[in-house]
Amino acid sequence: MDLRLPAWRGLRRPRRIVAAAAAVVVLAGAGTWTAVADDDAPAVRRADRVMAMGDGVRLDTSYFTSGSDGRRPAVLLAHGFGGSKDDVRQQAENLASDGYAVLTWSARGFGDSTGKIGLNGPDAEVADVSRLIDWLAEQPQVQLDRSGDPRVGMAGASYGGAISLLGAGYDDRVDAIAPAVTYWNLADALFPNGVFKKLWAGIFVNSGGGCAEFEPRLCEMYERVAESGTPDTEAREMLEARSPSAVGDRIKVPTLLVQGQSDSLFPLGQADAAARAIKANGAPVDVDWIAGGHDGGDMETSRVQARVQSWFDRYLKDDKGADTGPAFRVTRTGGVDSTDGEALLRGASADAYPGLESGQRSVELTGREQTFDNPPGAGPPAVSALPGLGGAGGLAQLSSLGVGVSLDFPGQYARFESAPVGDDLRITGSPTVTVHVRSSSDDAVLFAKVYDVGADGTQQVLPSQLVTPLRVEGTRSGKDVTITLPAIDHEVDKGHRLRLVLASTDLAYASPAAPATYTVSLKSDLTIPTAPAVTTAAAPLPAWVWWLPLTGAVIALALLLSARRRTTTPAPDPALSDVPLQITDLSKRYAKSADRYAVRDLSFRVEKGQVLGLLGPNGAGKTTTLRMLMGLIKPDGGEIRVFGHAIRPGAPVLSRVGAFVEGAGFLPHLSGRENLELYWQATGRPAEDAHLDEALEIAGLGDALARAVRTYSQGMRQRLAIAQAMLGLPDLLILDEPTNGLDPPQIREMREVMIRYAAAGRTVIVSSHLLAEVEQSCTHLVVMDRGRLVQAGPVGEIVGSGDTLLVGTAVPVEEPVVEKVAALPGVASAVLTDDGLLVRLDADGSPVRLVAELVRLEVPVASVGPHRRLEDAFLTLIGGSA
């Protein structure tokens, strides 16, 4: 085996931590191996061990390997705050299957590990990492660069991302890292510009099990700052000493930085500081801005994990052919807009990381000098991000109602506004502005934000719900202040305005309790970074999505053979040439029955870009409809037109249709590649039209493509079916129960594929019995029962208008509070449920006002969302048929 060091290893300095000084004691339970079932051969083996760290702390670990006993690179995989090693088990198994030795562990104070939480202290959690590397150096499966020095990478998210950076900074044996959604300077993250981020800090402590679970000095520091509301020098120094920035000049290894755009805890600026520091050390650095973050949204887990694996393939396996992706990538827009059914998700990239100030242009703001108040007790506070409500049950649900959650109270802010922008304006980075601040108090605490204001001037959007807090000292006599606003990637449409708001309060932060008056005036234009080198491509299907069972060779052969039996086909309808599917009065009788119908008088239409869900109980006629659509069986009445062409067995327009019904079929003695090539030859279309390379990339089968299909597992056959269905990139994709046999992560990945496929202007029709999944995946629905159409339309229309909201609460709400909620303006009624409150809004009510009032009443809100689910609507439509 070639153990030569890649060229970038010359950047490393002599080791600072000596392995012999950090011996690890393996306690009882070592050697308990468990075979892990996996779709890919060979099987993954797991060994659970408890390791003593030398200071009385015991860490619960798991060690994953697969294949032969040969040596291979190792990966240390860390979990997020409040979690345990179990959270990263699936990723560990995937990496082990790809030829890595993977060690996971529960950090101090989490899972079954002992000890107090040290927030990645150098003498605690960081020292633990070096001891774990010592242990890896002794394992016969792990590749060594020299005695005691294993070839090892580190990855993890949030808390685990920080320990990856710290591990590389303190221990030169770490060779590559891939931290995600994490911090560079924890003091800057929790005390930005001298303002205490109180809600996130409280969540941090509570998710750790309470203050007593932390090291005593950390607990005392938190209680002191939480009581005063003002971070002191000792608190900053304590957090900075536990931050990667403290050893930033020592991190000299290839680094993939993944950071979330929807993240008020660790915003994009944290990754920017890390990228600049590590790049200055001469190490390769790539940056990836994902759609989600600690405030919710799409974490793009599968794509990110695939990129991490490629990163390690390049820099741990020294595979120079590994595709590590662009130097900079950002996910733009995304998900399904339930208000209009539009599915959007695009990736933009650049050959170099642009930073947060690239391509600056000035936008003039107007507005006179303005005076506003910091109210006594800093209440009621303005609302921007709401930590803890960012998941699927909170802000994401409110967004589906077409409302924002940001709220500013009159008399507590100043605002300055631009003229309507003449063209679409893309902001990528951190806008800046200079203002003059004067205060009746010695210091002023302000919260700066830039809104995107609609053409009518009433609707405003706060990109990613982010604000910049800042404490300005010595403001009695006035002071000029340059404000760096949150880094975002946001497009301002032509005709919209930009609105700069400076508020005195924010719910997520600590403001002075003493009343004060602030006066603010403009001193400069708003400077906007546009990052012109970042270009957006048409949304490709990502190579990391593996789990979409699609069309089979049986269908292709059936279409080919039936072509000889074509009957006269009606002429194409030019009016429908751009309509993917039009079904009119379609009927199909059961065999040997004159009056029993599987499908009867069915009519509906599907437009480009839609993801349409075909729903109905067993026997509703869904599969029969799909089989007629693909020309596999003939209807007894009515017609089906695809892009204006009538469907008959073997119709040429079926070349624009990809489908999966009742499983994919392959010739078992042929390899995966040979099956795909044979299928495409059978279609009679030119080889260059197959887009074979794209299909193979989607399949992700690697070396297995050369093996006979009879050796494939079921999951591998599904991957091959993906490639086969995507050959030719069909304009209409038909899936019958595509989630059968898939586990929840695979189902989520399948959902992402459908959304992205439709976002490119193609159309997807999916029949499924998983109603919750259909609700998240589809833009439109067709509901069938007993062969007939029951209802068709956008998901939002069928589910309901959303005037009834379910407010989940962390603890039960007392009856007097319920009465206060019911008496609020805009509320028609409020009743207790097992999960919290069921609130019905009247014509004057709005979800955003309700959230603000609940916060004012100190209701412990955990989630807010529409009450009626697709399941409720479905059962209502079909009655007792299900």
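## A walk through the predicted model

Start by selecting Ala-187, which sits in helix 4, the run covering residues 186-190. Keep in mind as you click around that this is a predicted model. Is Ala-187 buried or exposed? Its relative accessibility is 0%, so Ala-187 counts as buried. Now show what surrounds it. Setting aside neighbours within four places in sequence, Ala-187 is in contact with Pro-192, Arg-236, Leu-239, Glu-240 and Ser-243. Add Pro-231 to the selection too: it lies 44 residues from Ala-187 along the chain, and the two C-alpha atoms are 9.2 Å apart.

**Step back along the chain to Val-181.** This one is in the loop that runs between strand 10 (174-180) and helix 4. Check its backbone: phi of Val-181 is near 35°, a positive value in a residue other than glycine. Val-181 also counts as buried, because its relative accessibility is 5%.

**Zoom out for a moment.** The protein chain has 882 residues, and 55% of them count as buried. If you colour by secondary structure, you are looking at 21 helices and 45 strands. Take the contacts in the chain with a separation of 6 or more: 76% of them are between residues 24 or more positions apart.

**Next selection: helix 2, residues 125-137.** What distance do its 13 residues reach, from the first C-alpha to the last? Helix 2 reaches 19 Å, close to the 18 Å expected at 1.5 Å a residue. Switch on a surface and you'll find helix 2 mostly covered, with 13 of its 13 residues buried.

Bring in helix 3 (residues 159-170) as its packing partner. Two packed helices are described by the angle between their axes and the distance between the axes. Here helix 2 and helix 3 pack at about 70°, and their axes are 9 Å apart. That angle makes helix 2 roughly perpendicular to helix 3. As for handedness, helix 2 passes helix 3 in a right-handed crossing.

Which residues of helix 2 and helix 3 meet? Display these as sticks:

- from helix 2, Glu-125, Val-126 and Val-129;
- from helix 3, Tyr-159, Ile-163, Leu-166, Gly-167 and Tyr-170.

Sorted by class, this contact has 6 nonpolar, 1 polar and 1 charged residues.

**Now hide those and pick helix 1 (89-97) with helix 9 (301-315).** The axes of helix 1 and helix 9 come within 11 Å and cross at roughly 40°. Helix 1 and helix 9 are therefore oblique to each other. The crossing of helix 1 past helix 9 is right-handed. On the helix 1 side, the contact is made by Gln-91, Asn-94 and Leu-95, and on the helix 9 side by Gln-305, Val-308 and Gln-309. The tally by class for helix 1 with helix 9 is 2 nonpolar, 4 polar and no charged residues.

Stay on helix 1 a little longer. Which of its residues are buried? Gln-91, Ala-92, Glu-93, Leu-95 and Ala-96 are. Then move just past the end of helix 1 to Gly-99, where phi is positive at about 100°.

**Gly-99 leads straight to Arg-72.** Gly-99 is one of the residues that Arg-72 touches. Where is Arg-72 itself? Look in the loop between strand 4 (58-66) and strand 5 (74-78). Arg-72 has 8% relative accessibility and so counts as buried. Not counting residues up to four places away in sequence, Arg-72 touches Thr-65 and Ser-66, then Gly-99, Tyr-100 and Ala-101, and also Gln-141, Val-142 and Gln-143.

**Two backbone stops to finish.** Go first to the loop between strand 19 (370-374) and helix 10 (395-400), where you'll find Pro-380. A cis peptide bond joins Gly-379 to Pro-380, with omega about 0°.

Then jump to Glu-858, in the loop between helix 20 (847-856) and strand 45 (861-866). Phi of Glu-858 is near 60°, again a positive value in a residue other than glycine. Buried or exposed, this Glu-858? At 69% relative accessibility, Glu-858 counts as exposed, because the cut-off for exposed is over 50%. Flip back to Val-181 if you want the contrast: positive phi there as well, but Val-181 is buried, at 5% relative accessibility.

Note on methods: Residues numbered from 1 in each chain as written. Predicted model: local features only at pLDDT ≥ 70, side-chain atom pairs only at ≥ 80, totals over all residues. Heavy atoms only, no water. Helix = DSSP H or I, 4+ residues; strand = E, 2+ residues; numbered from the N terminus. Expected span 1.5 Å × (residues − 1). Buried < 20%, exposed > 50% of the residue type's maximum accessible area, 1.4 Å probe, protein only. Axes fitted to C-alpha atoms, helices over the stretch in contact; angles between N-to-C directions. Parallel < 35°, antiparallel > 145°, perpendicular 65-115°, else oblique. Left-handed = near helix turned anticlockwise from the far one by under 90°. Contact = heavy atoms within 4.5 Å. Nonpolar A, V, L, I, M, F, W, Y, C, P; charged D, E, K, R; others polar.
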